[in-house]
Amino acid sequence: MAWAADATTPVKVIMDATVSNWAGGDSDWQDIFDESKLKDVYSKDFAAKYQAAAQFPAADEDGISPFDYDVIVNAQDACPLEDVKLAAQPPKGDVTEVLATFKKSTCMGSDADYQKTTTVRFEVIQEAGKPVIDDIVTNDDNGSPSSLKSVMQDLVKQQQQQPADQKQPSTDQAPPAKPQQ
């Protein structure tokens, strides 16, 4: 059972940063994919997929992230997170799932949609003797699970399939050209 408790350690790092990012105020935005976190908190496979996807930054102000939304709250906008809880599930094979639950939209209104709890599933494995995040699974608007590793792989695949004259150099901030129909 000690392993399940340890499985929450890398998830807590990411959730603490996410809570801080949405707390408001003057605190600096914490990159949950900075070099040190990619090395210490995520699996080698996850880090490699992130670095491949990061070659194709989204059109955002930093020009480095492959995402134009917060992958934990699964949105571009959120309120200060409330009722944040982490719960390690019993291990299944080599993977321990850690559920992070929170409310992300309570400041947007009192409608039931704004009060609902969001659940993010972190798949944690042991690598080099310590727990690391191997995937982050959120639910899309239809309630279907969405693996962040799959999203990153698809992003790279889409970019590689574009004709050479439509590929964006990684320093270009413009959105990709739309194909003529």
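**Exercise 1.** In this predicted model, work out which residues of helix α3 (residues 44-53) are buried, and how they sit around the helix axis.

*Solution.* Start with the list: Phe46, Ala47, Lys49, Tyr50 and Ala53 are the buried residues of α3. Now look down the axis of α3: these residues fall within an arc of 165°, so they line one face of the helix. That fits a handy rule: an α-helix has 3.6 residues a turn, so residues three or four places apart point the same way. Last step, the cover: α2 (35-40), β4 (130-139) and α5 (148-161) are among the elements that cover the buried residues of α3.

**Exercise 2.** Take Asp134 and decide whether it is buried or exposed, then find which side chains it makes polar contacts with.

*Solution.* First, place the residue: Asp134 belongs to strand β4. Next, check its relative accessible area, which is 15%. The cut-off for buried is under 20%, so Asp134 counts as buried. Then go through the polar contacts. The side chain of Asp134 pairs with that of Ser43 at 2.6 Å, and with that of Lys149 at 3.1 Å. Finally, skip the neighbours within four places in sequence, and the contacts of Asp134 are Ser43, Asp45, Phe46, Glu123, Val124, Ile125 and Lys149. Phe46 turns up here and also in the buried set of α3.

**Exercise 3.** Trace how strands β1, β2 and β3 pair.

*Solution.* Begin with β1 (residues 82-88) and β2 (residues 96-103): they're antiparallel, with five bridges. For one of the partners, Ala88 bridges to Val98 in β2. Move on to β2 and β3 (residues 117-127), also antiparallel, over eight bridges. Here Thr96 sits opposite Val124 of β3.

Methods:
Residues are numbered from 1 along each chain as its sequence is written. This is a predicted model: local features need pLDDT of at least 70, side-chain atom pairs count only at pLDDT 80 or more; totals for chains, interfaces and linings use all residues. Side-chain values use heavy atoms; hydrogens and water are left out. Buried means under 20% relative accessible area, exposed over 50%, partly exposed in between (1.4 Å probe, protein chains only). Helices (H or I, at least four residues) and strands (E, at least two) are DSSP runs, numbered from the N terminus. The arc is that of the directions from the helix axis to the C-beta atoms. Contact means heavy atoms within 4.5 Å. Two strands pair if DSSP finds at least two bridges between them. A polar contact is a pair of N or O atoms within 3.5 Å; within protein, one must be able to donate a hydrogen and the other to accept it, and residues adjacent in sequence count only if both atoms are side-chain atoms.
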